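Colleague: Could you take me through one part of this model closely, with the contacts and the packing set out in order? I would like a connected account rather than a list.

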Amino acid sequence: MSIVKIDSNDNTEFKSATEELGVYFSSLAAKKGRKITYNVLTYGCQLNESDSEKLEGMLMSFGLTHTEEEGELAKADVILMNTCSVRENADKHLFGNLGVFKSSVKQDKDTIVIICGCMMKVEENVERIRRSYPYVDLVFDPQQIHRFPVLLRDSLRKSKQLVNIGAIDYIAEDDYFPIARQRKFRALVPIMYGCNNFCTYCIVPYARGRERSRNFDNIVIELKDLYSRGYKEVMLLGQNVNSYGLNNEDGKTFKDVLEAASDIGFNRVRFMSSHPKDLSDEVIDLMATRPNIEKHLHLAMQSGSNKVLKRMNRPYSIEQFLDIASKFRSKVEGGSLTTDIIVGFPGETEEDFCETLKAVEKAAFDAAFTFQYSIRPGTKAAAYEDQIPKDVVTERFDRLLKIQNDLAFKSNEDKVGKTFEVLIEGMSKAGKGTYTGRTLSNHLVNFTIPEDIMPQDEDLEGRLGIVRIDHARPYSIDGVLERFSDV
Ligand code: SAM
Ligand code: SF4
Ligand code: F3S
């Protein structure tokens with residue numbers, strides 16, 4: 001399939017649909033005598049968050065206002081759910097919420113319900129919406145986001161449910177989308193789209209299409225603009241950032257993007273995700289030497305058994321994986337290594353699972369996202385006949401979790417008594433007067449601020465400070481702010 005390159009010069013239909021929606025919503029506002037509101041609920045990874053920032057930017061460009069009723073998704077006039085197909089119970093969340101939205105639509109016939117995201121690439125989910133949820137106005141998938149205004153306009157014109165699922169490998173450049181960035185200090189920047197790896201359990205290559213990389217110069221323009229607007233942290237996104245640029249003609253690699261972002265001068269440059277097969281020594285060296293590149297590598301291991309890795313279509317051996325892990329540990333001082341692991345992949349024996357446990361101990365991950373294998377219709381592994389019984393999966397999962405939690409706690413305990421620079425994200429859920437932030441190695445820190453250094457009436461989101469750690473928890477570390485480091 002060919003790649004559709006789009007930029008702000010060829011968006012005539014996008015613009016005219018946006019204008020038409022602006023007129024529609026302003027007359028709705030006049031009819032109701034109040035502002036028309038929207039709310040967006042996002043599941044899944046940072047790529048979905050980034051998509052939601054674009055969708056929200058578009059909703060705002062139609063003249064809509066974010067609902068003030070935080071958490072009350074169903075009370076908005078336009079309700080949008082951006083779904084994920086990986087997380088456990090994704091379907092329960094979606095269909096549970098759809099039940100709740102029904103009463104909103106009953107109360108106000110003008111309410112608009114929109115469902116998008118990776119779950120919409122699974123035919124049975126779309127069928128269920130068609131069959132049982134007629135009040136859903138619009139359904140589309142991640143490969144149609146650049147057409148959102150056109151699709152919404154068409155569904156309103158027809159006054160009936162519009163389902164638009166397709167396969168457009170678009171690549172958006174320049175200022176094609178209005179983006180409503182959710183964080184004051186952190187900007188999400190997708191540098192590539194899609195995935196070509198077809199790991200046998202994974203829906204992503206079907207949901208997001210073929211791998212394609214953005215133009216290097218355009219990424220640099222966007223990064224410079226973000227820096228000039230005061231963003232302290234940038235997060236470079238892709239399903240496999242290390243294969244950035246493989247199909248571009250300028251020869252630029254991920255190392256070039258990382259270096260450019262670091263040169264621009266952000267306080268922090270982060271990236272997600274790396275595939276072990278493509279991670280280069282050059283990138284590890286850059287992480288080791290550049291003070292503003294995060295000392296954190298997220299490298300999905302998936303399994304410790306070579307037999308299972310092969311059936312997953314992960315083209316590396318566990319020995320190669322552990323070599324990369326020790327290279328990272330020896331080169332990047334104070335670095336943290338995190339991973340994804342799937343338990344109970346079809347055909348996984350007790351022996352295979354024990355190899356995973358051994359590898360986890362050897363790699364000594366600072367944290368891990370652990371998943372119980374679950375069937376994704378349409379993927380190769382869904383047809384494997386040797387699926388593992390649920391009770392065996394759960395039992396193995398609990399054993400893995402115990403070992404990984406102990407490792408994470410140990411990694412956190414090592415930080416006690418030391419000081420770290422923390423980028424402040426805001427108030428913590430841990431309790432009143434407590435703030436939260438992350439170290440350069442991506443450790444979550446909850447901390448208090450002594451009264452004598454507490455700035456008056458100032459929003460601390462995006463500030464940097466030095467925190468002395470005095471306590472370790474399984475998933476975070478606690479401390480006290482000694483001073484601000486950005487003044
Ligand atoms: N591209 C990233 C990589 O390969 O490192 C991973 C992105 S994927 C959206 C996030 C994680 O979801 C995967 O690494 C895998 O552990 C997990 N995952 C994907 N499909 C799954 C499935 N069918 N069952 C359980 N876990 C799954
Ligand atoms: Fe899924 Fe594999 Fe692609 Fe990651 S690399 S998104 S796990 S297919
Ligand atoms: Fe989920 Fe799609 Fe991301 S399946 S994890 S939202 S790429």
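**Salt bridges, cores and a domain contact**

Modeller: Glutamate 233 and arginine 270 join their side chains in a salt bridge, with an N to O distance of 3.0 Å. The model is a predicted one, and in it the structure holds 38 salt bridges. Another of these links arginine 229 to aspartate 225, where the closest N and O atoms are 3.1 Å apart. Aspartate 225 has a relative accessibility of 35%, and because the partly exposed class lies between 20% and 50%, aspartate 225 is counted as partly exposed.

From the charged pairs I turn to the nonpolar packing. In soluble globular proteins, nonpolar side chains tend to be buried together. Here the largest nonpolar core comprises 67 residues, and the members with the most contacts inside it are Ile191, Leu223, Leu236, Phe254, Leu258 and Phe271. At least three residues of this core come from each of domain 2 (183-293) and domain 3 (295-414). Phenylalanine 271, if its neighbours within four places in sequence are left aside, is in contact with Leu236, Val241, Phe254, Leu258, Val283, Met287, Ile293, Glu294, His296 and Leu297. There is also a second, separate core, which has 31 residues and includes Leu55, Leu151, Leu152 and Tyr170.

The domain assignment, which divides the chain into domain 1 (3-168), domain 2 (183-293), domain 3 (295-414) and domain 4 (419-484), gives the setting for one further contact. Six residues from domain 1 and five residues from domain 3 take part in the contact between these two, while the centres of domain 1 and domain 3, taken over C-alpha atoms, are separated by 35 Å. About 450 Å² is buried between domain 1 and domain 3, and carbon and sulfur atoms give 50% of that area. On the side of domain 1 that touches domain 3, the residues fall into two nonpolar, one polar and three charged. Across this interface the rule finds zero salt bridges, although two residue pairs are in polar contact between domain 1 and domain 3, both at pLDDT 80 or more.

How values were computed
Residues are numbered from 1 along each chain as its sequence is written. Chains are lettered from A and ligands numbered from 1 in the order in which they are written. This is a predicted model: local features need pLDDT of at least 70, side-chain atom pairs count only at pLDDT 80 or more; totals for chains, interfaces and linings use all residues. Side-chain values use heavy atoms; hydrogens and water are left out. Domain bounds come from an automatic or database domain assignment. Contact means heavy atoms within 4.5 Å. Buried area is the accessible area (1.4 Å probe) that two parts lose on being put together, summed over both. A salt bridge is a side-chain nitrogen of Lys or Arg within 4 Å of a carboxyl oxygen of Asp or Glu. A polar contact is a pair of N or O atoms within 3.5 Å; within protein, one must be able to donate a hydrogen and the other to accept it, and residues adjacent in sequence count only if both atoms are side-chain atoms. Ala, Val, Leu, Ile, Met, Phe, Trp, Tyr, Cys and Pro count as nonpolar, Asp, Glu, Lys and Arg as charged, and the others, Gly among them, as polar. A nonpolar core is a set of buried Ala, Val, Leu, Ile, Met, Phe, Trp, Tyr and Cys residues joined through side-chain atoms within 4.5 Å. Buried means under 20% relative accessible area, exposed over 50%, partly exposed in between (1.4 Å probe, protein chains only).
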